[in-house]
Amino acid sequence: MSNKGFKCARCGTCCCWSGYVRLQNKEVDGIAAFLDLTMEEFTAKYTVLTHDRRNLTLIEHEGGRCIFYEDNSCSCAINPVKPQQCRDFPLRWNFSDWEKECKGAQSVDIA
Ligand code: SF4
Ligand code: SF4
């Protein structure tokens with residue numbers, strides 16, 4: 001897939017579907033510091049262990065919305081330190097028919 005011209009439309013859809021947002025160790029430290037929390041406080045309040053027990057993942061609300069997604073402003077509360085997984089969608093990872101969900105894909109010609 002070419003990434004030429006892709007522009008995120010900030011629709012928030014990818015923050016609101018259910019699924020893991022896996023955190024790398026260094027990301028845990030960074031997000032905790034950004035929130036002015038200790039690592040222990042951050043992990044207890046905002047994360048759970050994935051079923052495979054390999055990573056921490058961000059807690060999601062019922063229905064799938066990420067705990068850091070702010071409905072009022074349609075934005076990520078931890079945007080400067082958001083996980084790499086979030087930064088990488090949809091250009092480094094995506095799924096079948098992702099273009100139907102992502103408004104950014106509808107605004108450009110993705111080959
Ligand atoms: S951390 Fe931010 S960018 Fe990632 S899913 Fe949550 S709200 Fe979206
Ligand atoms: S679904 Fe696509 S357009 Fe919407 S916020 Fe995510 S990357 Fe941006």
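**Exercise 1. Find the strand that β1 pairs with, then lay out the open sheet.**

Start with the bridges: β1 and strand β3 (residues 56-58) run antiparallel and are joined by two bridges. That is enough, as two strands pair if DSSP finds at least two bridges between them. Strands here are DSSP runs of E with at least two residues, helices are runs of H or I with at least four, and both are numbered from the N terminus. One bridge to look up is that of Leu23, whose partner in β3 is Leu56. Next, the order: the open sheet has three strands, β1-β3-β2, with antiparallel pairing. β1 (22-23) and β2 (47-49) are the edge strands, each pairing on one side only.

Before going on, a word on the model: it is predicted, so local features need pLDDT of at least 70 and side-chain atom pairs count only at pLDDT 80 or more, while totals for chains, interfaces and linings use all residues. Residues are numbered from 1 along each chain as its sequence is written, and chains are lettered from A and ligands numbered from 1 in the order in which they are written.

**Exercise 2. Compare the shells around the two ligands by residue class.**

First, list who is there, taking a residue as near a ligand if its C-beta atom, placed from the backbone, lies within 6 Å of it. Around ligand 1 you get Cys15, Val21, Leu58, Cys66, Phe68, Tyr69, Cys76, Ile78, Lys82, Pro83 and Cys86. Around ligand 2 the residues include Cys8, Cys11, Cys14, Phe89, Pro90 and Cys102.

Then sort them: Ala, Val, Leu, Ile, Met, Phe, Trp, Tyr, Cys and Pro count as nonpolar, Asp, Glu, Lys and Arg as charged, and the others, Gly among them, as polar. Ligand 1 comes out with 10 nonpolar, no polar and one charged residues. The shell of ligand 2 has seven nonpolar, three polar and two charged residues.

One more thing about Pro90: the peptide bond leading to it from Phe89 is cis, with omega near 0°. Pro90 sits in the loop between α3 and α4.

**Exercise 3. Track down the largest nonpolar core and the contacts of Cys66.**

Take the core as a set of buried Ala, Val, Leu, Ile, Met, Phe, Trp, Tyr and Cys residues joined through C-beta atoms within 7 Å. Buried means 20 or more other C-beta atoms within 10 Å of a residue's own, exposed means 12 or fewer, and partly exposed is in between, with C-beta atoms placed from the backbone. The largest core has 12 residues, among them Cys15, Val21, Leu58 and Cys66.

Now zoom in on Cys66, leaving out residues up to four places away in sequence: Cys66 touches Cys15, Val21, Leu58 and Glu60. A contact here is a pair of C-beta atoms, placed from the backbone, within 7 Å.

**Exercise 4. Which residues other than glycine have a positive phi, and are they buried or exposed?**

Begin with Arg53, in the loop between β2 and β3. Its phi is near 60°, and Arg53 is exposed because just 7 other C-beta atoms lie within 10 Å.

Move on to Cys74, in the loop between β4 (69-70) and β5 (75-76). Phi of Cys74 is near 50°. With 12 C-beta neighbours inside 10 Å, Cys74 counts as exposed.

Notes. Two residues are in contact if their C-beta atoms, placed from the backbone, lie within 7 Å.
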